[in-house]
Amino acid sequence: MKSLFLFFTILIVLLVGTPSFVASQEAPSVYPETIFDDKLLLNGFAEKFSSESKDVIVAMIQDDGLNPYRMAAAVRVFKNKYSQEIVSPEKKFLEKILIRRMNRTDSPFVQVEVMETLCQMDRFKYFTTMVPGLILKLDHYNSTVNDLAYQSINQIIKSGNNRSREARIIFMTLRKILFLSRQRLAKITKPDERLQQKLDLVRWSIKVLGTEELKRLPKVVINLL
């Protein structure tokens with residue numbers, strides 16, 4: 001009787017153990033994002049969605065259950081394809097949708113795409129808050145987020161007219177960041193990529209504002225410049 005009970009116990013364990021093994025084998029196909037590059041995923045989804053209508057893209061942005069990569073790609077498509085054609089009162093409605101999306105997501109990819117999009121839609125209204133937010137993303141641990149933020153800032157700068165107001169916002173944001181890290185910067189002789197990005201933005205702002213702004217920077221930063 002004991003041997004029969006042991007036999008059925010082993011049989012049940014084997015049968016129960018099988019599904020978890022199968023599930024673990026299927027996991028990569030269910031969640032392909034875990035084995036691919038973030039940038040490739042975002043670019044791939046953006047290309048896939050590029051032919052969608054504005055209504056479809058806006059509906060995707062409003063979908064709280066959409067995968068973050070797809071969400072970021074949808075916002076990018078909206079930014080590149082539709083954001084410049086929007087007029088009031090639709091513009092205010094879409095701005096609210098984008099702000100709601102940014103407030104409801106933990107994805108830095110979505111946040112970066114939304115911040116740039118809002119700046120493109122209304123530069124004067126959103127530059128003061130969104131560009132400093134993008135600058136903070138330059139220190140993100142994920143290199144794709146870092147690159148996206150830097151590209152977004154440069155694109156915003158490129159689409160403007162080198163306004164002193166905007167250069168001042170960028171300069172003062174970076175000045176605070178560099179002052180807080182001046183002890184660490186004192187040990188650096190050759191800037192890494194992330195620090196170089198900040199220095200390049202500082203150079204641009206000084207070019208617009210004038211070299212007298214150099215006096216506002218820590219000495220270690222002037223040496224690196």
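This report walks through a pocket, some helix contacts and two backbone oddities in a predicted model.

## The largest pocket

Let's start with the open space. The largest pocket has a volume of about 240 Å³. Its lining is made up of 15 residues, and those nearest the centre are Arg76, Lys79, Glu113, Glu116 and Gln151.

Which helices each supply at least two residues of that lining? They are H2 (38-49), H4 (68-82), H6 (108-121) and H8 (143-158). Of the contributors, H8 gives the most, with five residues. If you sort the lining of the largest pocket by class, you get three nonpolar, seven polar and five charged residues.

## H6 beside H8

Two of the helices that help line the pocket, H6 and H8, also pack against each other. Their axes come within 10 Å and cross at roughly 5°. Because angles under 35 degrees count as roughly parallel, H6 is roughly parallel to H8.

Who touches whom? From H6 come Pro108, Phe109, Val112, Glu113, Glu116, Cys119 and Gln120, while H8 brings Thr144, Val145, Leu148, Ala149, Ser152, Gln155 and Ile156. This contact is a mix of eight nonpolar, four polar and two charged residues. You've met Glu113 and Glu116 already, among the residues nearest the centre of the pocket.

## H3 and its two partners

Now have a look at H3, which covers residues 54-62. With H4, H3 packs at an angle of about 145°, and the two axes are 9 Å apart. The crossing of H3 and H4 is left-handed. On the H3 side, the contact uses Lys54, Ile57, Val58, Met60 and Ile61; on the H4 side, Met71, Ala74, Val75, Val77, Phe78 and Tyr82. By class, that contact holds ten nonpolar residues, no polar ones and one charged.

H3 also meets H5 (90-104). Here the axes come within 9 Å and cross at roughly 35°. Lys54, Val58, Ile61 and Gln62 of H3 touch Glu90, Phe93, Leu94, Ile97, Leu98, Arg100 and Arg101 of H5. The H3 and H5 contact has six nonpolar, one polar and four charged residues. Notice that Lys54, Val58 and Ile61 turn up in the contact with H4 and also in the contact with H5.

## Two backbone oddities

Most peptide bonds are trans, and most residues other than glycine have a negative phi. This model has an exception to each habit.

Where is the cis peptide bond? It joins Ser88 and Pro89, with omega about 0°. Pro89 sits in the loop between H4 and H5.

The other case is Asn162, whose phi is near 55°, a positive value in a residue that isn't glycine. You'll find Asn162 in the loop between H8 and H9 (164-180).

Methods
Residues are numbered from 1 along each chain as its sequence is written. This is a predicted model: local features need pLDDT of at least 70, side-chain atom pairs count only at pLDDT 80 or more; totals for chains, interfaces and linings use all residues. Side-chain values use heavy atoms; hydrogens and water are left out. On a 1 Å grid over the protein atoms alone, a cavity is a set of points where a 1.4 Å probe fits but cannot get out, and a pocket is an open set with protein on both sides within 12 Å along at least five of seven lines; lining residues have an atom within 4 Å of a point. Grid points are joined across faces, edges and corners, and a volume is the space filled by probe spheres set on the points. Helices (H or I, at least four residues) and strands (E, at least two) are DSSP runs, numbered from the N terminus. Ala, Val, Leu, Ile, Met, Phe, Trp, Tyr, Cys and Pro count as nonpolar, Asp, Glu, Lys and Arg as charged, and the others, Gly among them, as polar. Axes are lines fitted to C-alpha atoms, for helices over the stretch in contact, and angles run from 0 to 180 degrees between N-to-C directions. A crossing is left-handed if the near helix is turned anticlockwise from the far one by less than a right angle, and right-handed if clockwise. Contact means heavy atoms within 4.5 Å. Angles under 35 degrees count as roughly parallel, over 145 as roughly antiparallel, 65 to 115 as roughly perpendicular and the rest as oblique.
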